[in-house]
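Me: I've got a model open and want to check the vocabulary against the geometry. Mind going through it with me?
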Number of protein chains: 2
Amino acid sequence: MSQPLLDKHRATLDGALNAIQTRAYWSAYSEMPSPKVYGETAAEDGKKAFEAHLGQRFELDQPGQSGWQGGEQSPYGITLDVQYPVCDHEALIAAGQQAMNGWQKLGAAGRTGLCLEILARLNAQSFEIAHAVMMTTGQGWMMAFQAGAPHAQERGLEAVAYAWREQSFVPAEATWEKPQGKNPPLVMKKHFEIVGHGVGVVVGCGTFPTWNTYPGLFAALATGNAVIVKPHGNAILPAAITVRTIRRVLAENGIDPNLVSLCVAGQRSTTQALVTHPAVKSIDFTGGNVFGQWLIDNCRQARVYAELAGVNNIVVDSTDSYKRMLGNLAFSLALYSGQMCTTSQAIFVPAGGVETEDGHKSYDEVCADLAGAVSAFLAKPEVALAVLGAVQSTDTLKRIAEADSGALGKVVLASGKLDNPEFPKAEVRTPVLLACDAADEKAYMEERFGPISFIVKVADTAAAIALSERIVTTHGALTAGIYSTRAEVIDAMTAATLRSKVALSINLSGGVFVNQSAAYSDYHGTGGNPAANASYADAAFVANRFVVVQRRYHI
Amino acid sequence: MSQPLLDKHRATLDGALNAIQTRAYWSAYSEMPSPKVYGETAAEDGKKAFEAHLGQRFELDQPGQSGWQGGEQSPYGITLDVQYPVCDHEALIAAGQQAMNGWQKLGAAGRTGLCLEILARLNAQSFEIAHAVMMTTGQGWMMAFQAGAPHAQERGLEAVAYAWREQSFVPAEATWEKPQGKNPPLVMKKHFEIVGHGVGVVVGCGTFPTWNTYPGLFAALATGNAVIVKPHGNAILPAAITVRTIRRVLAENGIDPNLVSLCVAGQRSTTQALVTHPAVKSIDFTGGNVFGQWLIDNCRQARVYAELAGVNNIVVDSTDSYKRMLGNLAFSLALYSGQMCTTSQAIFVPAGGVETEDGHKSYDEVCADLAGAVSAFLAKPEVALAVLGAVQSTDTLKRIAEADSGALGKVVLASGKLDNPEFPKAEVRTPVLLACDAADEKAYMEERFGPISFIVKVADTAAAIALSERIVTTHGALTAGIYSTRAEVIDAMTAATLRSKVALSINLSGGVFVNQSAAYSDYHGTGGNPAANASYADAAFVANRFVVVQRRYHI
């Protein structure tokens with residue numbers, strides 16, 4: 001059977017398949033917002049496309065629509081006022097189930113080709129989506145472009161590649177011929193059909209409405225399922241643009257667009273009814289522990305892929321690149337005001353200080369030097385505004401204020417409020433650094449989402465490594481780091497992270513940061529500690545989203 | 001790194017890998033108990049080895065032993081009186097966790113080689129294991145040999161092959177080099193380590209103590225986990241022999257044998273404490289809905305792979321091989337007295353009867369003819385005893401008596417009690433066939449494990465197909481069948497089974513039976529209906545049993 005879309009995007013798929021196998025660097029979508037790649041007018045066109053949504057009703061032509069709803073508040077303080085269709089979740093589920101029939105019959109190759117076409121179309125909309133991500137999440141422009149568009153697309157493509165690898169391994173048919181000694185063999189023809197488990201729901205988060213949505217969305221879609229995207233109430237637009245494009249591409253290719261829909265739910269009870277519906281068989285969630293645990297406890301009819309809170313941490317033992325280490329950490333803490341699920345919250349420093357190429361640094365010196373590095377990095381307002389972005393939620397503002405008050409530990413670096421001339425109403429905050437003792441577990445041993453980090457005084461490096469392991473095992477983490485010039489310390493930290501099952505970054509001092517994970521190469525989450533029960537992406541992320549139904553008969 | 005055991009068994013692994021990809025017929029272990037394959041003295045040696053266990057203490061040298069326990073009652077009525085070590089489950093878990101370190105360090109290739117060696121050693125013990133299976137489960141000899149030994153080993157090897165496919169896809173390391181325009185590239189070295197999720201518990205069943213245990217056992221083991229086998233209280237010996245051999249092979253190869261242990265638990269509370277232990281991360285279970293659902297509800301710390309009850313069913317629309325169809329069904333209903341999770345329980349026949357090559361057969365004729373076919377098939381005592389085996393549990397005897405009383409439907413064929421001259425105390429029963437109306441849902445729409453089947457009168461074929469779909473969707477099934485000479489009927493049944501997610505056998509009239517599934521080719525369970533949330537075997541069966549922990553650093 002000819003698969004024109006699969007043929008069209010074959011090189012992209014092959015590149016992704018090679019990349020997930022080698023885990024070397026590879027990229028399908030340019031992370032530079034360059035006119036050479038995206039077209040001379042792409043930046044301007046994308047901005048206009050974004051602006052055209054403002055103050056308008058975002059038509060999706062979905063079934064069961066009962067009204068409109070908006071309410072997104074931009075962290076940059078601009079007026080969004082986009083209205084989205086409110087649709088009965090039962091109608092969306094029923095329409096999705098109906099659409100699954102044609103989607104299943106298309107087969108894995110047809111579905112994969114269509115997913116690749118969708119990703120290409122989303123890539124062409126990168127500027128529009130980047131503006132939508134920036135203005136709903138508070139990310140700085142460059143991050144909104146990269147993480148919101150090409151990097152999110154890469155994570156989606158990665159999921160499609162894993163899904164294709166697993167599905168293409170299942171033969172469509174087989175002839176089974178069992179010898180019977182001197183008698184004629186038993187011969188059977190067998191057919192194997194891949195069938196999606198059911199409707200998938202992807203619950204988006206307010207900070208990364210595409211990067212954390214595309215993996216589950218494309219994993220569920222590629223494996224034959226309908227998908228309902230339930231965006232965060234304050235980051236609907238990037239999801240709505242995505243869903244509209246997907247629906248268009250589906251319809252253009254003869255697939256019922258109701259296969260993918262947007263569920264804007266004003267009330268928690270609607271979301272709860274959606275995710276506990278018997279027809280919903282998978283839920284992808286990124287967010288806090290309270291709702292995440294509720295999903296795991298209550299959505300027993302579905303497989304729940306959950307990325308929850310964690311306490312990311314770094315052990316500082318010694319370094320031969322003190323300044324570069326501080327610079328690396330400062331960037332990582334400042335990026336998007338620490339509103340990343342991968343930002344380090346606890347930095348463990350031995351009470352006796354650390355050895356560096358500039359000689360011994362006491363614990364207090366490390367605190368002061370890191371504070372100085374953050375301040376120096378953010379000294380230029382244009383750098384600070386570009387890197388920090390804006391604070392996404394009032395809850396984060398409250399947490400910053402609480403940390404600033406000294407209630408959680410000694411303030412080593414107070415958070416500052418910056419003015420953004422372009423966006424006067426933007427809430428911009430610089431990171432707050434706190435010093436505390438390892439015994440102050442209540443302070444640093446729960447996630448305090450936002451630009452709040454603790455420099456924790458620990459008895460010694462061995463205690464720091466043990467503490468890191470205990471935190472990851474009990475509270476979870478997506479990232480861990482170690483700085484040391486001693487092989488035995490790195491070995492001990494490696495062993496600890498193998499036990500606690502967290503990704504480890506060692507002596508980062510250049511252009512790679514602990515809070516960044518690269519598609520195809522870095523697993524985002526291991527699925528083995530409380531911060532996440534799944535990983536972007538691996539076989540486990542896709543293999544349980546479909547079943548194989550066989551039939552057999554004699555020939 | 002040299003992997004002598006992997007090299008030694010490379011052809012076996014390659015054969016299995018090819019088989020799971022093509023799903024054509026393939027076999028690693030001979031299903032014929034032939035002296036040419038197993039050795040001239042194998043049958044005699046195996047029988048002696050089995051007999052040597054009787055009345056003895058089965059030494060395993062496990063930690064935390066507090067006493068001995070036996071109590072197996074042979075369905076054949078012979079005295080077993082084997083005593084097994086009772087060990088503190090906490091001690092077994094702690095020892096398993098300890099042993100996991102060395103097992104993880106061995107790497108996927110080393111683990112796979114050792115699993116293949118274990119399987120080869122188990123294969124060499126096929127006669128001993130077959131006798132143990134026969135005498136604990138009541139299976140007939142040939143079935144005990146085939147299903148209990150080589151076929152179980154194939155299912156274990158299948159799981160090892162899937163585990164190897166997924167693990168070998170993960171590179172041990174990668175060099176990640178990201179271009180930076182005119183600047184030097186970012187270069188990182190990354191290491192990827194496969195780490196098992198934790199201790200796996202495999203809860204065995206009383207009817208297939210190896211066939212239903214080996215898939216989970218080898219899937220968990222190959223992916224880096226410790227495994228505790230918790231056998232059914234009446235089928236301990238096959239599991240104990242298996243565990244002892246595994247422990248020996250592990251020890252011979254420098255791996256802590258406590259990686260795999262046997263947990264004989266006299267009290268339900270001990271089993272519950274074992275399976276809910278925080279260190280237990282996977283549970284493989286085959287058995288009834290009550291305990292299965294308890295596991296799913298209570299073992300939230302673990303992934304539960306459960307094969308539960310179902311209502312397997314067959315739709316009879318029409319046939320051009322009436323006699324052969326009846327013969328095929330008769331064999332399937334009689335085999336091991338219907339004590340297979342794949343035996344058909346409900347046979348749907350249109351009220352208007354069915355068309356055959358011998359002309360029209362009324363519903364009543366079909367009932368009488370199937371009863372006649374079962375009786376004829378079992379007419380020769382030596383055939384009957386070999387096929388029926390013995391009834392495994394008193395609960396099944398009670399269910400047969402209830403069915404025989406006519407309480408569940410009109411008795412079309414009463415169950416008969418046969419004498420087995422070789423085993424005078426064996427409880428041997430022929431199948432009972434009941435006729436009932438489709439409206440009598442309470443009778444046929446719950447699993448009645450054992451040789452009890454219903455010939456259900458349904459309005460017409462379309463109603464039968466709809467009923468089959470509803471039963472599979474709501475009560476689950478591992479197998480479904482259709483007999484029809486009409487393509488549109490087969491298409492409708494195919495569509496129904498794709499929706500309800502159950503394997504379909506079409507017009508079986510020869511030497512393949514609906515209740516048989518062949519390793520590498522037939523998926524046992526789809527994982528998509530209530531009878532089982534997993535399949536033997538596919539990627540989903542192995543992918544979630546390990547995580548990948550990475551570390552990265554600049555070079």
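Reply: Sure, starting with the two copies: chain B lands on chain A after a rotation of 180° with 0.0 Å of shift along the axis, RMSD 0.0 Å. It's a predicted model, where local features need pLDDT of at least 70, side-chain atom pairs count only at pLDDT 80 or more, and totals for chains, interfaces and linings use all residues. Residues are numbered from 1 along each chain as its sequence is written, with chains lettered from A and ligands numbered from 1 in the order written.

Me: What makes that the relation of a two-fold axis?
Reply: Two copies of a chain are related by a rotation about an axis and a shift along it. Here the rotation is 180° and the shift 0.0 Å, so the relation is that of a two-fold axis. The fit is least squares on C-alpha atoms of residues with pLDDT of at least 70 in both copies.

Me: Which residue of chain B comes closest to the rotation axis?
Reply: Ala540(B), its C-alpha at 3.3 Å.

Me: How do you know that the same surface serves both copies?
Reply: 100% of the contact residues of chain B recur in chain A; contact means C-beta atoms, placed from the backbone, within 7 Å.

Me: Why are β14 of chain A and β3 of chain B said to stand at the edges?
Reply: They belong to an open sheet of ten strands with mixed pairing. Each has a single partner strand, so one side of each is left without a neighbour in the sheet. Strands are DSSP E runs of at least two residues, and pairing takes at least two bridges found by DSSP.

Me: What makes β14(A) and β17(A) a pair?
Reply: They share three bridges, in the antiparallel sense, against the required at least two, so they pair.

Key
Helices (H or I, at least four residues) and strands (E, at least two) are DSSP runs, numbered from the N terminus. Two residues are in contact if their C-beta atoms, placed from the backbone, lie within 7 Å.
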